[in-house]
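Subject: Handover of a structure and notes on its features

Dear colleague,

Please find below the sequence and the structure that I am handing over to you. I would be grateful if you kept them open while reading the notes that follow.

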Amino acid sequence: MPASPSTARAINDRLALQLLQQEGPLTAGQLKQLTGLSRPTVADLVERLTASGLIEVAGESGEQRRGPNAKLYGIVAGRAHLAALDVRTEGVAVLVSDLLGRVLAEASVPIDDHSGTGPAVEQAVGLVERAVKEAGADRLHTVGIGAPGLIDPAGGELRDSTRLPEWHRRLMAALQDTFPEARVGVENETNLAALAEQRDGAARDRDTFVLLWLGIGIGAAVVLDGTLRRGVSGGAGEIGFMPVPGTAGLPSATDCDGGFHSVAGAAAVTALAAEHGVTAPSTGPEPHAAALVREAVRRSASGDDPVADRFLDALADRVVLGAAAVVSVLDPGCLVLAGEIGRAGADALADRVQHRLARMSPLATEVRPSTLGGGAVLRGALLTARDRAQDDLFAPPER
């Protein structure tokens with residue numbers, strides 16, 4: 001059946017808004033060319049979107065002939081403000097942006113393990129309030145939160161975990177109370193890092209890949225055919241619990257000790273560095289294991305340093321245990337090494353893992369380091385918040 005006039009208008013409006021979001025300000029003539037719509041239809045949608053407050057005249061093109069087609073139309077970036085949070089056990093980072101994702105303010109605050117649930121939540125909420133004020137926003141439309149742990153697929157909330165501080169679970173409700181008009185959502189940090197790598201990072205050219213998070217904890221994010229897969233219980237990618245050779249025991253339902261986490265998590269990597277005589281000063285809030293790996297990469301690249309090379313080889317021997325298991329089940333064709341340790345290892349670790357993987361698996365798999373640095377979770381949270389806000393604001397009005 002042909003679309004009704006109202007449905008056709010809604011489709012045309014959404015197409016035009018998507019183009020303006022992707023390309024930036026465009027003239028009516030450019031919208032006509034890119035959409036394939038007629039001139040009267042484009043003129044009608046421009047008038048309609050302008051009246052709704054979604055687009056505005058953003059300037060004029062360089063065309064010599066003046067007139068309606070010379071005006072540049074762009075999305076009203078200030079129509080909504082968004083917040084993205086990266087919530088860790090040791091602190092919170094936040095940024096506030098406009099509807100187009102342009103960052104207007106960002107800040108972070110450390111939170112002490114002994115602060116207590118109430119004070120920790122107050123610190124985090126206060127940080128967001130200050131960032132919103134600095135950005136010049138009077139309210140938030142959408143808040144995207146990245147946090148470690150399992151997300152309940154039904155309620156969209158962090159599931160209770162003895163390994164995570166209680167203030168993590170309380171923060172979402174506190175933000176909703178503080179910004180009652182906002183849409184607040186939380187997603188696993190590894191999943192958000194994968195979404196960011198898919199849009200703007202190492203996996204831009206891949207619609208199927210797995211991101212391995214190597215940090216204080218171990219995890220994975222699975223993207224198949226362009227879609228993030230969370231699993232029935234939200235636990236897809238909990239590879240820290242995966243049994244692997246070389247551990248003293250087996251993991252349990254409540255403790256990943258004895259799983260992949262025991263050989264490739266930050267504590268295990270720190271112990272491995274000590275065994276090989278690799279040392280490095282601690283730097284900032286990142287796990288010390290990342291500094292050790294980074295120092296080994298630097299020493300290895302500077303010339304013949306057998307100590308650093310042996311440590312990186314031993315680390316790759318451990319990482320490939322989890323990588324090979326993931327590849328044998330999913331055949332993703334591409335693995336992205338992320339998290340503090342994955343980023344610190346960079347190409348030196350990725351190349352070693354790929355070389356070992358090629359010997360262990362018949363499935364061709366490219367191993368790449370993350371290209372987004374420490375901001376991948378925040379970037380993913382922002383992209384998710386922006387998509388949700390645009391889905392809401394760009395949707396046709398209910399009749």
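The notes below describe strands, helices, cores and charged pairs in turn. Please bear in mind throughout that this is a predicted model.

**The five-stranded sheet**

I suggest beginning with the open sheet of five strands, whose order is 11-10-9-12-13 and whose pairing is mixed. Strand 11 (227-229) and strand 13 are the edge strands, and each of them pairs on one side only. On average, and with direction ignored, neighbouring strands of this sheet are turned by 25 degrees against each other. Within the sheet, strand 9 and strand 12 run parallel and are joined by four bridges. One residue to look up here is Val210, whose bridge partner in strand 12 is Leu335.

Two helices may be viewed together with these strands. Helix 6 packs on the sheet and touches strand 9, strand 10, strand 11 and strand 12. The direction of helix 6 makes about 130 degrees with that of strand 9. Helix 11 lies across strand 9, strand 12 and strand 13, and runs at about 145 degrees to strand 12.

**Strand 7 and its partners**

Strand 7 (residues 142-147) is mostly covered, with six of its six residues buried. In a regular strand, side chains alternate between the two faces of the sheet. Which residues lie on each side of strand 7? Thr142, Gly144 and Gly146 are on one side, Val143, Ile145 and Ala147 are on the other, and all are buried.

Strand 7 has parallel partners in strand 4, through five bridges, and in strand 8 (residues 183-188), through six bridges. Val143 in strand 7 is the bridge partner of Ala83, while Ile145 stands opposite Val186 in strand 8.

**The nonpolar cores**

In soluble globular proteins, nonpolar side chains tend to be buried together. In this model, the largest nonpolar core has 46 residues, and those with the most contacts inside it are Leu212, Val293, Phe311, Leu335 and Val353. Among the elements that give two or more residues to this core are strand 9 (209-214), helix 9 (288-301), strand 12 (334-338) and helix 11. Helix 10 supplies the largest share of the core, twelve residues.

Val353 is a useful residue to select on screen. Leaving aside neighbours within four places in sequence, Val353 is in contact with Ala316, Val319, Val320, Ala323, Leu337 and Val367. Another core, of 45 residues, lies apart from the largest one and includes Ala193, Ala194, Trp213 and Ala338.

**Charged pairs**

Side chains of opposite charge can pair when their charged atoms come close. How many salt bridges does a search of the whole structure find? The search finds 23.

One of them joins the side chains of Arg88 and Glu189, at 3.2 Å from N to O. This pair links distant parts of the chain, with Arg88 in strand 4 (residues 81-88) and Glu189 in helix 6 (residues 189-200), 101 residues apart. Both Arg88 and Glu189 are buried.

Another salt bridge is formed by Asp305 and Arg299, at 2.9 Å from N to O. Why does Asp305 count as buried? Asp305 counts as buried because its relative accessibility is 16%, and buried means under 20%. Arg299 is buried as well, with a relative accessible area of 16%.

Arg368 and Glu366 also meet in a salt bridge, at 3.1 Å from N to O. Arg368 is buried, with a relative accessible area of 13%, whereas Glu366 is partly exposed, at 31%. In addition, Asp309, Asp313, Asp317, Arg352 and Arg356 are linked in a network of salt bridges.

**Two loop residues**

Ser361 is placed in the loop between helix 11 (339-360) and strand 13 (366-369). Ser361 is buried, with a relative accessible area of 12%. A polar atom of the side chain of Ser361 lies 3.1 Å from the backbone nitrogen of Leu363.

Ala77 is found in the loop between strand 3 (71-75) and strand 4. Is Ala77 buried or exposed? At 8% relative accessibility, Ala77 counts as buried. Leaving aside neighbours within four places in sequence, Ala77 is in contact with Asp98, Leu99, Leu100 and Arg102. The C-alpha atoms of Ala77 and Ile55 are separated by 8.6 Å, and the two residues are 22 residues apart along the chain.

Yours sincerely,

A colleague

Methods
Residues numbered from 1 in each chain as written. Predicted model: local features only at pLDDT ≥ 70, side-chain atom pairs only at ≥ 80, totals over all residues. Heavy atoms only, no water. Buried < 20%, exposed > 50% of the residue type's maximum accessible area, 1.4 Å probe, protein only. Polar contact = N/O pair within 3.5 Å; in protein donor to acceptor, adjacent residues only side chain to side chain. Salt bridge = Lys/Arg side-chain N within 4 Å of Asp/Glu carboxyl O. Pairing = 2+ DSSP bridges. Core = buried A, V, L, I, M, F, W, Y, C linked by side-chain atoms within 4.5 Å. Contact = heavy atoms within 4.5 Å. Axes fitted to C-alpha atoms, helices over the stretch in contact; angles between N-to-C directions.
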